[in-house]
Amino acid sequence: LINGGGIRAELETGVITRGDILDVFPFGNRSCVISVTGQQILDALEFSVRKYPSENGGFLQVSGMTFTLDPSVPSSVQVNDKGEFVSVTGMRRISNVQIGSQPVKADQRYTIGGISYTLINGGDGYSMFRDAAVVAQDGTWDYEVLMDELQKTSGGKIPASYANPYGAGRITVKGGAAAAAASALPAASAAQTYTVQKGDNLWKIAKTVYGDGNQWVILYQQNSSILKDQNLLYAGQQLKVSAGS
């Protein structure tokens with residue numbers, strides 16, 4: 001579990017340097033592993049999504065886990081005057097939480113990895129973890145973990161499994177923003193063009209053109225005749241974009 005606000009930069013295509021990795025993780029957080037109950041995990045995820053779709057640095061990025069978020073359910077998370085988690089008093093926005101393809105059980109114990117800022121120190125308000133038993137805390141910096149992953153595990157390259165800029169399907173949003181964007185597709189007759197730049201993907205372009213990266217579906221729909229794969233763009237390519245969007 002990693003707080004999204006701790007990830008501060010993208011990795012561009014090409015050679016990755018130590019400086020690039022430090023740009024991604026500039027805060028010098030330490031890695032750790034803690035032991036928690038399934039209920040603590042469920043509470044952490046519910047706390048994580050309480051502000052969605054508004055931006056929130058405490059939104060958790062997950063690995064080895066999947067879940068469904070229903071933004072139509074009003075958040076019932078209660079916090080104290082410091083913005084720390086207290087309880088969930090009503091319906092939950094999170095459902096179908098699975099670890100290793102198995103449903104999470106509230107009374108079962110799990111080990112989770114991340115950084116001490118969130119998992120030990122309660123950063124971003126994650127007070128539900130403060131009294132958790134620390135399984136491992138070897139002092140490794142977060143950026144060192146990423147460098148080790150790239151160098152030793154992945155042979156110095158980012159694996160192809162990370163090629164999709166729209167995610168790995170770990171978090172499913174019911175009636176998600178992509179579906180909403182597609183249903184609001186503007187008329188193609190009112191269109192301008194955008195020239196693809198090096199390092200662009202549809203999310204980046206939609207962020208630039210529409211102010212909302214989640215509207216990449218609009219670009220994909222409007223350019224389906226030339227985009228056979230949503231992940232394959234090349235510099236200099238001309239894309240249609242809706243005028244005035």
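User: Before we look at the empty space in here, how are residues sorted into nonpolar, charged and polar?

Analyst: Ala, Val, Leu, Ile, Met, Phe, Trp, Tyr, Cys and Pro count as nonpolar, Asp, Glu, Lys and Arg as charged, and the others, Gly among them, as polar. Keep in mind that this is a predicted model, where local features need pLDDT of at least 70, side-chain atom pairs count only at pLDDT 80 or more, and totals for chains, interfaces and linings use all residues. Residues are numbered from 1 along each chain as its sequence is written, and side-chain values use heavy atoms, leaving out hydrogens and water.

User: Which residues line the largest cavity?

Analyst: Rolling a probe the size of a water molecule over the atoms shows where empty space is left. A cavity is a set of points, on a 1 Å grid over the protein atoms alone, where a 1.4 Å probe fits but cannot get out; lining residues have an atom within 4 Å of a point. Here, I2, N3, G6, F25, N29, I115 and D142 do the lining. By class, that's 3 nonpolar, 3 polar and 1 charged.

User: Now E84: is it buried or exposed?

Analyst: Buried means under 20% relative accessible area, and exposed means over 50% (1.4 Å probe, protein chains only). E84 has 14%, so it's buried. You'll find E84 in the loop between β5 (77-79) and β6 (85-88).

User: What does E84 touch, leaving aside neighbours within four places in sequence?

Analyst: Contact means heavy atoms within 4.5 Å. On that basis, E84 is in contact with F47, Q78, V79, G125, S127 and R130. F47 sits in helix α2 and is buried as well.

How values were computed
1 Å grid on protein atoms, 1.4 Å probe; cavity = no way out; pocket = protein on both sides within 12 Å on 5 of 7 lines; lining within 4 Å. Helix = DSSP H or I, 4+ residues; strand = E, 2+ residues; numbered from the N terminus.
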